[in-house]
Amino acid sequence: LRKYGTSQERYMDSQFSLIQEFFKDQNREVSVSGKRHKSRSEGKNSPFMGGTVNFGYDNVDSRFVVNKEESKWVKKLFDLYLKGVPLKDIKTMFDVEGIPQNIKPRRSKTWSLGTLLSMLKKRVYIGEYSWKDKETGEVFPIVVPKIVTHSVFNRVQKKVEQNIKNRGTHFKQYQTLLDGL
């Protein structure tokens with residue numbers, strides 16, 4: 001909490017705040033401009049645009065590089081899901097087998113069903129990544145190394161969609177008078 005005794009102190013504080021805001025905005029503009037340029041000029045060379053790198057990849061010299069150990073687990077996730085293994089069982093397997101080998105999600109100690117489902121939907125694993133400029137809405141395609149084939153990815157997408165459509169249908173045991181109203 002700031003307390004100022006004179007109008008001069010309040011005036012100086014407001015001027016310093018304006019200057020800080022100006023520099024913050026200017027730094028952001030430079031950063032976004034750099035990302036736009038990098039996306040346009042190096043999009044085919046797997047540039048890493050910041051944030052948390054996806055599981056299965058590392059950020060090496062500001063580039064997406066496949067993490068050999070983690071990519072095995074990404075492939076395993078896709079393969080098990082295609083074979084019909086429920087996500088709950090895959091989660092348990094990843095927690096039991098993966099965590100002792102230091103294979104764990106980026107921001108958590110254990111795997112969640114949401115994280116695994118999100119991974120199954122991410123196009124980054126087939127080499128397609130994009131960065132969206134929030135100001136202009138322009139989307140920049142970034143080419144990254146593939147971990148999963150298009151064929152496997154597309155079959156998984158069909159299975160995910162099918163499972164989402166069927167969600168909840170196997171829980172209903174009894175018909176009721178008001179069903180279908």
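Start with the second largest pocket of this predicted model. Its lining breaks down by class into six nonpolar, seven polar and three charged residues. To find the spot, select T52, F55, R106, T115 and K122, which lie nearest the pocket's centre among the 16 lining residues. Turn on a surface if your viewer offers one: about 300 Å³ of space lies in this second largest pocket.

Keep R106 selected and add E70. What joins R106 and E70? The two form a salt bridge, and the closest N and O atoms are 2.8 Å apart. R106 sits in the loop between α3 (87-98) and α4 (113-121), while E70 belongs to helix α2, so this pair ties together parts that are 36 residues apart in sequence. Now check how covered each partner is. R106 comes out as partly exposed, because its relative accessibility is 33%. And E70, buried or exposed? E70 counts as buried, since its relative accessibility is 9%.

Next, color helix α2, residues 68-82, and pick out K72 and E69. Here is another salt bridge: the closest N and O atoms of K72 and E69 are 3.6 Å apart. Both residues lie in that helix, three residues apart, which is about one turn of the helix. K72 is exposed, with a relative accessible area of 52%. That puts K72 past the cut-off for exposed, which is over 50%. E69 is partly exposed, at 34%.

Stay on E69 a moment longer and draw a distance from its C-alpha atom to the one in N102. How far apart are the C-alpha atoms of E69 and N102? They are separated by 9.9 Å, with the two positions 33 residues apart along the chain.

For one more charged pair, jump to R123 and E128. Their side chains meet in a salt bridge, at 2.7 Å from N to O. Both ends have some cover: R123 is partly exposed at 39% relative accessibility, and E128 is partly exposed too, with a relative accessible area of 34%. How many salt bridges does the count give? It comes to five, and the ones on this tour are among them.

Now for a bit of backbone. Zoom in on the loop between β1 (57-60) and β2 (63-66), where you'll find D61. S62 is in the loop between β1 and β2 as well. What should you look for here? Start with the phi angles. D61 has a positive phi of about 55°, although it is not a glycine. S62 also has a positive phi, near 60°, and it is a residue other than glycine too. Why is that worth a stop? Because most residues other than glycine have a negative phi. Switch on the surface again to compare their cover. D61 is exposed, with a relative accessible area of 72%, whereas S62 is partly exposed, at 35%.

Then move to helix α1, residues 7-42, and select F16, which lies in it. Add Y11, M12, I19, F22 and F23 to the selection. What do these residues make together with F16? They form a nonpolar surface patch of about 640 Å². Coloring the six by residue type should make the patch easy to pick out while you turn the model.

Finally, zoom out and switch to a cartoon view. How many helices and strands are there in the protein? There are five helices and four strands. To follow them in order, trace the chain along the sequence: the pattern reads α-β-β-α-α-α-β-β-α. As a last step, color the whole chain by accessibility. Buried residues make up 28% of the 181 residues in the protein, and E70, from the pocket-side salt bridge stop, is one that counts as buried.

Terms used:
Residues are numbered from 1 along each chain as its sequence is written. This is a predicted model: local features need pLDDT of at least 70, side-chain atom pairs count only at pLDDT 80 or more; totals for chains, interfaces and linings use all residues. Side-chain values use heavy atoms; hydrogens and water are left out. Patches are made of residues with over 30% relative accessible area and no salt bridge: like charges are joined within 9 Å, nonpolar side chains (Val, Leu, Ile, Met, Phe, Trp, Tyr) within 5 Å. Accessible areas come from the Shrake-Rupley method with a 1.4 Å probe; for residues, only the protein chains shown count as cover. A salt bridge is a side-chain nitrogen of Lys or Arg within 4 Å of a carboxyl oxygen of Asp or Glu. Helices (H or I, at least four residues) and strands (E, at least two) are DSSP runs, numbered from the N terminus. On a 1 Å grid over the protein atoms alone, a cavity is a set of points where a 1.4 Å probe fits but cannot get out, and a pocket is an open set with protein on both sides within 12 Å along at least five of seven lines; lining residues have an atom within 4 Å of a point. Grid points are joined across faces, edges and corners, and a volume is the space filled by probe spheres set on the points. Ala, Val, Leu, Ile, Met, Phe, Trp, Tyr, Cys and Pro count as nonpolar, Asp, Glu, Lys and Arg as charged, and the others, Gly among them, as polar. Buried means under 20% relative accessible area, exposed over 50%, partly exposed in between (1.4 Å probe, protein chains only).
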